[in-house]
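Got the viewer open? Here's a tour, one selection at a time, with a word on what you'll find at each stop.

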Amino acid sequence: MIQAILVFNNHGKPRLVRFYQRFVSAARPVTHPRPFPSPRRAAALASTSGSGTPEEIQQQIVRETFHLVLKRDDNICNFLEGGSLIGGADYKLIYRHYATLYFVFCVDSSESELGILDLIQVFVETLDKCFENVCELDLIFHMDKVHYILQEVVMGGMVLETNMNEIVAQIEAQNRLEKSEGGLSAAPARAVSAVKNINLPEIPRNINIGDLNIKVPNLSQFV
């Protein structure tokens, strides 16, 4: 199972962080029947661990993982044991380095190293296809779309799809749906604009009927 997916740049700045297992203390993941414990339970576990809140533990894991990956040479393999905060030898860090970004998957012993390397490649190629030559700025300014693409690949720590064409097809279908919903929401505004632009004949300002003079008010202020 995939425990976490981390993407950070060459300076350790996180650009994408997704944990599928909540850690509340060093080398101790939460074992709970639900994906995440209740906030009260998590706070209680954090207070007893003395290592900070789950969010602080996650930040520490990101920093530790960055330092572990950064010091490795480019000519050695792309997987290593997890850091002490994430479980040590019980977990593996599998990563790829692209330009200014590191893509790191933390997995348990049930996952294949080569399979995860291929999955990272599929994820990056999908990003590249969806953003047309993806770069670090795309992950910063289009975070929602990046998370949606990731959910098409991995959900709940389980791999959903490895075929890039299928993933891209789902993304394009979602884009078409969003555009159609945007068109429907804009329809009332277009209708009002069309009514305002209708050229109506000039309304007479005064109507004279014999000795009776009727003054017609100006209705333009109500349109």
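Is Lys 92 buried or exposed? Lys 92 is buried, at a relative accessible area of 15%. Keep in mind as you click around that this is a predicted model.

**Stop 1: Lys 92 and its partner**

Leave Lys 92 selected and add Glu 113. Their side chains meet in a salt bridge, 3.3 Å from N to O. Lys 92 sits in strand S6 (residues 91-98) and Glu 113 in helix H3 (residues 113-131), so this pair ties together parts that are 21 residues apart in sequence. Glu 113 counts as partly exposed because its relative accessibility is 24%.

**Stop 2: the other salt bridge**

How many salt bridges does a search of the whole structure find? It finds 2. For the one you haven't seen yet, select Glu 136 and Arg 15, whose side chains meet at 2.8 Å, N to O. This pair links distant parts of the chain: Glu 136 is in helix H4 (residues 136-141), Arg 15 is in strand S2 (residues 14-19), and 121 residues separate them. Colour by accessibility and Glu 136 comes out buried, at 17%, while Arg 15 is partly exposed, with a relative accessible area of 22%. The cut-off for buried is under 20%, so the two land in separate classes: Glu 136 at 17% and Arg 15 at 22%.

**Stop 3: along H3**

Now select residues 113-131, the whole of H3. H3 has 19 residues, and the distance from its first C-alpha to its last is 27 Å, close to the 27 Å expected at 1.5 Å a residue. Which residues of H3 are buried? Among them are Ile 116, Leu 117, Leu 119, Ile 120, Phe 123, Val 124, Leu 127 and Phe 131. When you look for a pattern in the numbering, remember that an α-helix has 3.6 residues a turn, so residues three or four places apart point the same way.

Stay on Phe 131 and bring up Lys 145. The charged end of Lys 145 sits over the ring of Phe 131, 5.0 Å from the ring centre.

**Stop 4: just past the helix**

Step on to Glu 132, just after H3. Glu 132 belongs to the loop between H3 and H4, and its phi is positive, about 55 degrees, although it is not a glycine. Why flag that? Most residues other than glycine have a negative phi. Glu 132 is exposed, with a relative accessible area of 67%.

There's another residue to check in the same spirit: Ala 99. Ala 99 is not a glycine either, yet has a positive phi of about 50 degrees. Look for Ala 99 in the loop between S6 and S7, where it counts as exposed at 70% relative accessibility.

**Stop 5: the rings**

Show the aromatic side chains. How many aromatic pairs does a search of the whole structure find? There are 4. Begin with Phe 8 and Tyr 102: their ring centres are 5.9 Å apart and their planes are at 40 degrees, so the pair is tilted. Phe 8 is in strand S1 (residues 2-9) and Tyr 102 in strand S7 (residues 101-108), which makes this a link between distant parts of the chain, 94 residues apart. Both Phe 8 and Tyr 102 are buried.

Compare that with Tyr 98 and Phe 103, an edge-to-face pair with 5.7 Å from centre to centre and 85 degrees between the planes. Phe 103 is buried at 3% relative accessibility, whereas Tyr 98 is partly exposed at 22%. Then add Phe 66 to the selection: ring pairs link Phe 8, Phe 66 and Tyr 102 into a cluster.

**Stop 6: a loop residue and a distant one**

Select His 11, in the loop between S1 and S2. His 11 is exposed, with a relative accessible area of 67%. Run a C-alpha to C-alpha distance from His 11 to Thr 100 and you should get 8.7 Å, for residues 89 apart in sequence.

**Last stop: zoom out**

Clear the selection and switch to cartoon. The protein has 6 helices and 11 strands. Of its 223 residues, 35% are buried. Taking the contacts with a separation of 6 or more, 48% are between residues 24 or more positions apart. Finally, turn on the surface: the protein exposes about 13600 Å², with carbon and sulfur atoms supplying 55% of that area.

Definitions and conventions. Residues numbered from 1 in each chain as written. Predicted model: local features only at pLDDT ≥ 70, side-chain atom pairs only at ≥ 80, totals over all residues. Heavy atoms only, no water. Salt bridge = Lys/Arg side-chain N within 4 Å of Asp/Glu carboxyl O. Helix = DSSP H or I, 4+ residues; strand = E, 2+ residues; numbered from the N terminus. Buried < 20%, exposed > 50% of the residue type's maximum accessible area, 1.4 Å probe, protein only. Contact = heavy atoms within 4.5 Å. Areas by Shrake-Rupley, 256 points an atom, 1.4 Å probe, with all protein chains shown as cover. Expected span 1.5 Å × (residues − 1). Phe/Tyr/Trp six-rings, centres within 6.5 Å; stacked < 30°, edge-to-face > 60°. Lys NZ or Arg CZ within 6 Å of the ring centre and 35° of its normal.
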